[in-house]
Number of protein chains: 2
Amino acid sequence: VARVESVEAASGPHGAVPELSARARRAGAAYAGPGSGPAPAAGRAGALPTIAFTAGLPDAALLPAAALTGAAGAVLAEAANSALQYGGAQGWPGLREWLAGHSRDSAQVALSPEHFSLTNGSAGALANVCETFLDTGDVAGVESLSFPLSVRTIRSITPRIESIPVDAGGLDVDALEARLGELAARGDRMRLLYVIPTFHNPTGSTLTLERRRRLVELCSDYDVLIVEDDAYGELWFREEPPPSLYALAGGVGVVKIGTFSKIVAPGLRVGWCQADPATTAALVATRCDMGTSPLLMHVLDRLGREGFLDGHIARVRGVYADKCDVASRALAVHCGAWCRWEAPEGGFFIWVEAGERVDPAALAAAALDEAVSFVGGHVFAAEQAMLEGPRLSWVPGNSRSFRLAFSSVPSDEIEEGIRRLGHALKRAVGTG
Amino acid sequence: VARVESVEAASGPHGAVPELSARARRAGAAYAGPGSGPAPAAGRAGALPTIAFTAGLPDAALLPAAALTGAAGAVLAEAANSALQYGGAQGWPGLREWLAGHSRDSAQVALSPEHFSLTNGSAGALANVCETFLDTGDVAGVESLSFPLSVRTIRSITPRIESIPVDAGGLDVDALEARLGELAARGDRMRLLYVIPTFHNPTGSTLTLERRRRLVELCSDYDVLIVEDDAYGELWFREEPPPSLYALAGGVGVVKIGTFSKIVAPGLRVGWCQADPATTAALVATRCDMGTSPLLMHVLDRLGREGFLDGHIARVRGVYADKCDVASRALAVHCGAWCRWEAPEGGFFIWVEAGERVDPAALAAAALDEAVSFVGGHVFAAEQAMLEGPRLSWVPGNSRSFRLAFSSVPSDEIEEGIRRLGHALKRAVGTG
C-alpha cells in the first residue's frame with residue numbers, strides 16, 4: 001500500500017508546483033486511500049502471500065455485483081434522464097426518502113428526506129461539515145484514537161485540534177468536560193467534536209448509553225456541534241447498539257454522517273449527512289461540487305425499495321459476526337499469552353494491546369517475516385498525527401497496540417492469519 | 001428550477017443552524033444545480049409547455065444508457081472488486097491512461113496517466129485546484145462573463161476576484177496585461193486565473209490563437225496559475241479549436257480541467273484535472289474525499305477501450321453542429337430584426353445581444369408568456385455576481401443579453417422555440 005510523499009519540498013515560485021495554499025500545507029501529504037498503491041511487501045522470498053488484517057474494507061465475497069448489475073440496468077432502462085443528468089447538490093430525493101424510512105433513529109426522532117444530503121462517501125460528508133461550520137483557528141475535538149483520514153480532513157481546516165482520551169467504553173466524558181471547562185475559562189471554545197461512538201475505528205468500542213447522554217448534554221451546554229460518524233452503526237452482531245447521539249439529542253446540534261461503503265460497497269462513494277433541515281440546507285448551500293452521481297443514488301434507491309438492501313445488511317451482519325467470532329477464538333488460542341483485546345459488538349475491528357514484554361519493533365519485523373499484517377496503533381493516535389503532521393504510514397510500526405481488521409480477510413484465512421500473529425508475538429517476546 | 005434561499009439569516013448561536021464558517025458565508029446560498037428543483041413556471045394557463053433554452057445539458061436523446069448498461073454489467077462481472085472497493089484519490093489508472101492517449105494535447109506535449117487525477121465532475125476539479133493553490137485574501141481572476149458556479153467556487157475561497165473583460169474573441173488580453181501590471185505595481189499579484197477559452201460558457205466564443213499565446217506568456221511572466229476549463233473543448237463542429245493553453249504552455253503553469261458531463265453524461269460526475277505530475281500529486285494530496293467512484297471510472301474506461309467513446313463523441317459533435325445550425329437559421333428568420341449573435345464553432349451556447357430598442361423587463365415578461373425560456377446575461381456577469389453575493393437567479397432577468405442553450409432542446413422544437421423568442425422580442429420592442 002502506497003503513501004504519497006510530501007509535495008511541499010517540490011513547491012515554490014521556482015519549482016514545477018505552484019505555491020501550496022495553507023489548507024494544502026495543513027492537509028499535507030497523506031495516505032491516498034486503500035487501492036491507491038501496490039500491495040504490501042511480501043514476507044520471506046517464496047513465502048505464502050501475506051494475510052492482511054490492514055484495511056477496513058468489506059469482504060470482497062459480499063460485494064453485491066449481481067444485484068448492482070440488475071439495478072443499474074433497470075434504472076438506465078426506466079429512468080435514464082433522471083439518473084444521467086445533473087441531480088442537484090442535495091441528491092436524489094428517492095434515496096433520501098429511503099434513508100429517512102430506514103434509519104433506526106426514526107424510532108426516536110422524526111426524519112424526512114429534508115434531513116438528508118447525499119455526499120461522496122462519509123469522507124465527503126465530513127469535509128462538507130467542516131467547510132460549513134469550522135474556520136481556521138477554531139478548536140475542534142477528536143478522540144485520542146480516531147480514523148486518521150478524518151483527523152486530516154479536520155486539520156486541513158484548522159490546526160487547533162484537541163485530543164480527548166478514549167477507553168474501552170469509548171470517549172472519556174469526564175475528560176471532555178474538563179477540557180471544555182478549560183477552554184471556556186480562557187474565553188475559548190470547542191466549535192466541533194468529531195466522534196465515532198459505535199463500533200469505533202480503530203478500537204471497536206461502543207460508547208455507553210450513559211456516556212452518550214452526558215456527551216450530548218455537555219455539547220449542548222458548551223454549544224459544540226457534534227459530528228457523529230456512524231459508518232459502522234448498521235453492522236451490529238447480536239443486538240442493536242444504544243441510540244445514536246443524534247437521536248438522544250433530538251436531532252439538534254448533531255450532524256450524523258453515514259455511508260453505504262461498509263454495508264454495500266466503498267466504490268459507490270455514496271454517503272450522507274443527517275441533520276435538521278435548516279442545517280442540511282446550510283450544508284447543501286456550501287457545496288461546490290454540483291452534486292455527486294444521481295445514477296448511483298438511483299441504483300441504491302432501487303435496491304432499497306426492492307428490499308434487497310435490508311436483506312443484504314442482515315446477511316452481512318451475520319457474516320461479520322461469524323468472522324469476529326473466529327478471530328476472537330483464534331486470538332484466545334494463539335495469542336492469549338502475549339496480548340489483551342476486547343471483542344467488539346459490531347463493525348470491522350479488534351483492537352489488540354500487546355503486553356509489556358513484547359518489543360514493538362521486533363513484532364513489526366516478525367509479522368513481516370510471518371506474512372501477516374495489521375495497522376500499528378500509532379497510525380490512529382490523534383496526538384501523534386498532529387505532531388507528525390502529514391506523514392501517515394500503514395505498515396506495522398513502533399506500536400504495542402494495533403488494529404486487526406477482520407472484515408476483508410477471507411473467512412478460511414482468519415485463523416491461519418492469527419496463528420501467524422501468535423508466532424510473531426512469541427518471537428517479539430523472545431528478543432525482548 | 002429552484003434556488004436555495006440564503007441560510008445565513010437562520011444561523012447563529014440561538015438558531016437551529018450552527019454558526020456558519022467564513023467559507024460558507026462567502027459561498028452563500030446558490031442555485032443548487034440543474035435537477036435540484038421543479039421546472040420553471042408555465043406560461044399562459046393552458047398554454048404549450050415551455051421550450052427551455054436554459055440548461056447547459058446534453059441532449060437527453062444522446063445519453064448512452066444502453067452502452068452504459070452493457071459496460072456496467074461487464075465491469076461488475078469481470079472486475080467487481082476493483083470497481084467496488086476504494087480506488088484511491090487519484091482514480092482508476094486505466095481511465096487516466098485512456099485520457100492520456102485520447103487528449104488532443106498529446107500532439108504537442110507528452111501526457112501520461114500521472115498527468116491526470118479524476119474528480120467529481122469539473123466542479124470537483126475546480127474546487128480541488130482552488131483548495132490546493134488559493135488562499136483567502138488572494139486575488140483570483142475570472143472572465144467578466146463566466147460560469148457563475150465556478151465564480152462561486154473561487155469566491156468561497158477568496159473574496160478578491162478580478163473580472164477581466166471579454167469580447168467575441170474571448171478574454172481581452174490587453175486588459176489582463178494592464179490589470180496584472182496594476183497589481184504588480186502595488187506589490188500584489190493574481191495567484192490564479194480561471195478561463196474558459198474554448199466554446200465559452202456563456203458566450204460560445206473561442207479565444208484566438210494569438211490571444212492564447214499572449215495569455216500564456218503573461219501568466220508565465222506574472223507567475224499566475226492558469227485554470228483552463230475545457231468542458232466543451234471536444235464538441236467542435238467543423239474543425240478542431242486552436243491548441244489548448246495547456247499545450248501552448250508546454251504543460252507548465254496550467255491546470256486544465258475536463259469532464260465527461262457534456263460528452264457522455266453529467267450524472268456520472270466524472271471529471272479530471274490535467275497537470276504536470278508534481279502538480280497532480282499536490283492536487284491529489286490535498287483531497288479529503290477518499291476518491292470518487294471507481295465503478296464509474298471502470299465503466300468509462302471500458303467504453304473508451306471498446307472504441308465506443310470515440311464514436312459517440314464524433315456522433316454528438318454532429319448532432320450539436322446540426323442543432324446549432326437550426327438555431328442560427330431560426331434566429332436569422334425570426335429574430336434578426338431585434339438582436340445580434342455570433343454562431344459558435346462548438347459547444348452548447350449562443351449568446352444573444354438584443355438591440356437598444358428591446359426593453360429587458362418586457363422581454364422577460366413576454367418570453368414567459370410565449371412559453372420560451374433562456375438565461376439572462378446578468379447571471380453570468382462576474383462583476384454582478386461579486387456585488388450581489390450569493391443570490392443567483394436563472395430566470396430571464398433585467399438583461400439585454402442572454403444565453404440560448406440549444407443543446408438539450410429536442411431538435412424538432414428548436415425552430416418553434418426561436419419563433420416564440422422572436423415574438424417575445426417583437427413585443428418587448430413594442431412596449432419600449
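Me: How many disulfides are there over all chains?
Reply: Good place to start, and do keep in mind that this is a predicted model. A disulfide is a covalent bond between the sulfur atoms of two cysteines. The sulfur of A:C273 has its closest cysteine sulfur in A:C130, 9.9 Å away, so that pair is too far for a bond. For B:C288 the closest cysteine sulfur also belongs to A:C130, at 8.5 Å, again too far for a bond, and the search of the whole structure comes to 0 disulfides.

Me: Is B:C288 buried or exposed?
Reply: Buried means under 20% relative accessible area. The relative accessible area of B:C288 is 11%, so this cysteine counts as buried.

Me: Which three residues supply 12% of the area that chain B buries against chain A?
Reply: Happily, the two chains share plenty to look at: 78 residues of chain B are in contact with 78 residues of chain A. Together they bury about 6,100 Å², with 63% of it on carbon and sulfur atoms. More of chain B's part comes from one trio than from any other three residues: B:L84, B:Y86 and B:C288.

Me: Which helix gives the largest share of the side of chain B that touches chain A?
Reply: Between the chains there are 30 residue pairs in polar contact. Several elements give two or more residues to that side of chain B, including helix 1 (22-27), helix 5 (121-133) and helix 10 (277-286). The largest share is 6 residues, and they come from helix 10 of chain B.

Terms used: Residues are numbered from 1 along each chain as its sequence is written. Chains are lettered from A and ligands numbered from 1 in the order in which they are written. This is a predicted model: local features need pLDDT of at least 70, side-chain atom pairs count only at pLDDT 80 or more; totals for chains, interfaces and linings use all residues. Side-chain values use heavy atoms; hydrogens and water are left out. A disulfide is a pair of cysteine sulfur atoms within 2.5 Å. Buried means under 20% relative accessible area, exposed over 50%, partly exposed in between (1.4 Å probe, protein chains only). Contact means heavy atoms within 4.5 Å. Buried area is the accessible area (1.4 Å probe) that two parts lose on being put together, summed over both. A polar contact is a pair of N or O atoms within 3.5 Å; within protein, one must be able to donate a hydrogen and the other to accept it, and residues adjacent in sequence count only if both atoms are side-chain atoms. Helices (H or I, at least four residues) and strands (E, at least two) are DSSP runs, numbered from the N terminus.
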